[in-house]
Amino acid sequence: MTVLLGCIADDFTGATDLAGMLVKAGMRTVQLIGVPAGPPPQDVDAIVIALKSRTNPAPEAVEESLAALRWLQQAGCRQFQFKYCSTFDSTARGNIGPVAEALMEALGTDFTIACPAFPANNRTIYKGYLFVGDELLSESGMRNHPLTPMTDANLVRVLQQQVAGKVGLADYKAVGQGAQAIKARFEALKAEGARFAIVDAVTNRDLEEIGAACDDLPMITGGSGIALGLPENFRRRGLLARHDAADALPATGGLRAVISGSCSVATQAQVALMAETAPAFVIDPLQLARGDDVVSAALDWAADRLSRGPVLVYATATPEKVRTVQAHLGVEHAGSLVENALADIARGLVKLGVGQLIVAGGETSGAVVKALGVTGLRIGPEIDPGVPWTTVLKEGGGQPLALALKSGNFGSPDFFVKAWSKLA
Ligand code: ADP
């Protein structure tokens with residue numbers, strides 16, 4: 001079977017979110033970091049390419065997205081999704097509108113939807129207005145976002161400012177009546193000359209009906225929620241098997257380690273709990289700044305202990321300690337010193353035979369993934385909401401590696417302890 005769905009995500013964690021959603025909906029999914037040079041991986045139903053294009057200048061975002069589209073077309077994808085944040089994060093110039101229009105032109109299609117709704121995460125759309133919980137988008141914290149402040153909750157207006165084509169609304173009157181009514185509304189909008197429909201959605205059921213109504217659109221745009229309804233379209237056409245285990249990962253063995261560079265509240269509790277029972281090595285940023293060889297010390301320490309069970313290497317510290325370090329070193333210097341050291345330690349641990357690795361922290365994960373030369377991940381079972389196990393895609397074999405990349409505030413206190421049992 002060829003790849004069915006090709007997705008282009010405008011940031012890394014958004015890509016993971018979407019990939020996890022597709023796996024839960026029964027599609028075997030890989031997440032690729034940037035546009036790959038090589039051929040598509042085998043045995044996948046959906047591919048999500050993670051770009052970092054949300055806040056780039058629009059022409060750059062367009063160019064990268066088009067390159068991703070061309071690669072996904074060559075991989076044989078039948079339908080495409082442009083994925084952005086469920087709060088429609090965009091700058092005044094875009095990039096949602098310009099990227100969507102460029103993708104439509106490349107695909108030769110003149111109509112698509114824009115639906116960032118994700119009711120399970122309290123993002124709903126009614127009469128074209130996006131709500132974050134009980135607040136309008138423009139009254140939520142997003143109005144103060146440092147890079148993409150959202151000061152208008154009316155998505156028809158917001159998108160219209162970013163595109164040349166006309167934007168219309170498929171409102172709840174249609175959505176509440178199901179897929180056929182939504183399709184009819186799309187036709188009516190097209191007849192009025194609209195090229196985009198903002199689509200209302202307040203429940204998961206709405207997203208499923210919208211998904212069904214989009215079965216013949218070459219490309220849709222939206223958040224990760226909108227992907228909920230897409231797999232069923234492929235099943236209905238006999239293109240997608242009912243995989244019992246779309247989240248099955250190739251077996252990984254090897255030693256186990258946790259690396260934590262996150263100082264978020266949830267991570268503090270997770271580090272404290274694991275340190276009660278497992279060997280733990282703390283990284284002191286001031287030692288790093290003095291030029292001590294902390295990386296070798298950590299690896300020598302780990303080499304003596306890894307064979308007896310999971311080890312923890314962490315820089316995680318209380319806000320007071322972090323402030324003291326930052327006052328000495330500066331925020332950015334402290335951050336990059338710690339990130340680089342943890343990334344080197346990750347590489348060293350893999351050399352020591354670690355085959356199952358948990359990394360805590362968004363930036364920390366980025367640094368580790370880069371140091372390990374990871375270009376793609378197969379998405380596996382969820383450990384806690386939003387954090388799946390993955391395995392690193394490797395061309396030409398090599399030691400298999402399972403990675404769990406946990407952003408700061410995700411996961412229950414026993415995350416580092418319980419995660420291993422979800423691996424085969
Ligand atoms: P989160 O996902 O929790 O935000 P990140 O990894 O994205 O975690 O960010 C944490 C940042 O804090 C990283 O840049 C990391 O290097 C830095 N950091 C970690 N520990 C310390 C520390 N003890 N002192 C100063 N900075 C630290």
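The following dialogue examines the domains, the helix packing, a small sheet and some backbone features of a predicted model.

Trainee: On what footing do the values for this model stand?
Mentor: Residues are numbered from 1 along each chain as its sequence is written, and side-chain values use heavy atoms, with hydrogens and water left out. The model is predicted, and local features need pLDDT of at least 70, side-chain atom pairs count only at pLDDT 80 or more, and totals for chains, interfaces and linings use all residues.

Trainee: Into which domains is the chain divided, and how many residues does each give to the contact?
Mentor: The chain is divided into domain 1 (5-236) and domain 2 (255-422), with bounds that come from an automatic or database domain assignment. Their centres, taken over C-alpha atoms, are separated by 32 Å. With contact meaning heavy atoms within 4.5 Å, the contribution is 16 residues from domain 1 and 12 residues from domain 2.

Trainee: What is the order of the strands in the open sheet, and which strands stand at its edges?
Mentor: Strands (E, at least two residues) and helices (H or I, at least four) are DSSP runs, numbered from the N terminus, and two strands pair if DSSP finds at least two bridges between them. The three strands form an open sheet in the order 6-7-8 with antiparallel pairing. Each edge strand has a single partner strand, so one side of it is left without a neighbour in the sheet; the edges are strand 6 (123-126) and strand 8 (135-136).

Trainee: Which residue of the hairpin of strand 6 and strand 7 takes a positive phi?
Mentor: Strand 6 pairs with strand 7 (residues 129-132) in the antiparallel sense over four bridges, and Thr124 stands opposite Phe131. The hairpin has two residues between the strands. The positive phi, near 55 degrees, belongs to Lys127.

Trainee: Which peptide bond is cis in the loop between strand 4 and helix 3?
Mentor: Most residues other than glycine have a negative phi, and most peptide bonds are trans. The loop between strand 4 (79-83) and helix 3 (96-107) contains Asn95. Phe88 is also found in this loop and has a positive phi of about 55 degrees. The cis bond, with omega near 15 degrees, runs from Gly94 to Asn95.

Trainee: How are helix 6 and helix 7 oriented to each other, and what is the handedness of their crossing?
Mentor: Axes are lines fitted to C-alpha atoms, for helices over the stretch in contact, and angles run from 0 to 180 degrees between N-to-C directions. Helix 6 (residues 179-191) and helix 7 (residues 204-213) pack at about 55 degrees, with axes 8 Å apart. Angles under 35 degrees count as roughly parallel, over 145 as roughly antiparallel, 65 to 115 as roughly perpendicular and the rest as oblique; a crossing is left-handed if the near helix is turned anticlockwise from the far one by less than a right angle, and right-handed if clockwise. The two helices are therefore oblique, and their crossing is right-handed.

Trainee: Which residues make the contact of helix 13 with helix 14?
Mentor: The axes of helix 13 (residues 331-351) and helix 14 (residues 362-371) come within 8 Å and cross at roughly 45 degrees. This crossing is right-handed. The contact is made by Glu339, Leu342, Ala343, Ala346 and Arg347 of helix 13 and by Glu363, Thr364, Ala367, Val368 and Ala371 of helix 14.

Trainee: What is the orientation of helix 12 to helix 13?
Mentor: Helix 12 (residues 319-329) packs on helix 13 at about 110 degrees, with the axes 7 Å apart. That angle makes the orientation roughly perpendicular.
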